[in-house]
Amino acid sequence: MSKNLLLIFTRNPELGKTKTRLAKTVGNETALSIYKFLLAKTNEITANLSCDKAVYYSVKIRDNDIWNKKIYQKNQQKGDDLGIRMENAFKNSFDEKYEKVLIIGSDLYDLSEEIIEDAFDKLNSNDVVIGPAEDGGYYLLGMKTLQPNIFQNKAWGTETVRKDTLKDLQKVNVHLLKELNDVDVFEDIENHPAFQQFL
């Protein structure tokens, strides 16, 4: 067992339930295809990392999917909103004696193995590491001890999330990684070469 754990939050890929903001422009079926493409990309960049890895499913744990259970622990997200679900996943990880825990979503084409490894490294000298997303949220969050206040009183999915999170972390050392773009709306993909096959 590694002392480092990567949590991957995913939505079960179901028609009409994933990438709903994107679907308003491209339709449900294309939105689902794009989400499956992003899941496969997330799988590709995480499978060979030296840390332990855990997939947290939104609805139901699947046995026979792209996440090989020899590589990925499988868990169910628990809680009424994203903050509670993330807090529970972090708490669970620290209860299992992991020393550094990162969480990522599964809608980032531009995330890389190097960025994730760098985030674990930065936790050697910082309490919290955040990967800022262009929309004002974050694509990665990492910590060495649970910081419960950052999961409370946030308007999840809005442009104030990162700013409000940093406000809660004024007393600890925070390292910001480079800014990336997560895929939520059509404008996020319309000029990106990787997504032209869907458009």
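Helices, as H or I runs of at least four residues, and strands, as E runs of at least two, are taken from DSSP and numbered from the N terminus; the model to which they are applied here is a predicted one.

**Exercise 1.** Describe how helix H3 begins and ends, and determine which of its residues are buried and what covers them.

*Solution.* Begin with the extent: H3 covers residues 82–95, and its 14 residues reach 20 Å from the first C-alpha to the last, close to the 20 Å expected at 1.5 Å a residue. At the start of the helix, a side-chain oxygen of Asp81 comes to within 3.0 Å of the backbone nitrogen of Gly83, while just after the helix Lys97 adopts a positive phi of about 75°. Next, apply the cut-off of under 20% relative accessible area for burial, which selects Gly83, Arg85, Met86, Glu87, Ala89, Phe90, Ser93 and Phe94. Finally, the cover over these buried residues includes strands S1 (4–10), S2 (52–57), S4 (100–104) and S6 (138–143).

**Exercise 2.** Identify which elements supply the lining of the largest pocket, and how that lining divides by class.

*Solution.* The largest pocket has a volume of about 920 Å³, and of its 33 lining residues the closest to the centre are Arg11, Lys19, Leu82, Asp107 and Asp184. S1, helix H1 (20–26), H3, S4 and S6 each contribute at least two lining residues, with S6 giving the most, four. By class, the lining comprises 14 nonpolar, ten polar and nine charged residues.

**Exercise 3.** Find which helix gives the largest share of the lining of the second largest pocket.

*Solution.* This pocket, with a volume of about 160 Å³, has among its lining residues Arg11, Tyr57 and Trp67, and helix H2 (residues 28–46) provides the largest share, three residues.

Notes. Residues numbered from 1 in each chain as written. Predicted model: local features only at pLDDT ≥ 70, side-chain atom pairs only at ≥ 80, totals over all residues. Heavy atoms only, no water. Expected span 1.5 Å × (residues − 1). Buried < 20%, exposed > 50% of the residue type's maximum accessible area, 1.4 Å probe, protein only. Contact = heavy atoms within 4.5 Å. Polar contact = N/O pair within 3.5 Å; in protein donor to acceptor, adjacent residues only side chain to side chain. 1 Å grid on protein atoms, 1.4 Å probe; cavity = no way out; pocket = protein on both sides within 12 Å on 5 of 7 lines; lining within 4 Å. Points joined across faces, edges and corners; volume = space filled by probe spheres on them. Nonpolar A, V, L, I, M, F, W, Y, C, P; charged D, E, K, R; others polar.
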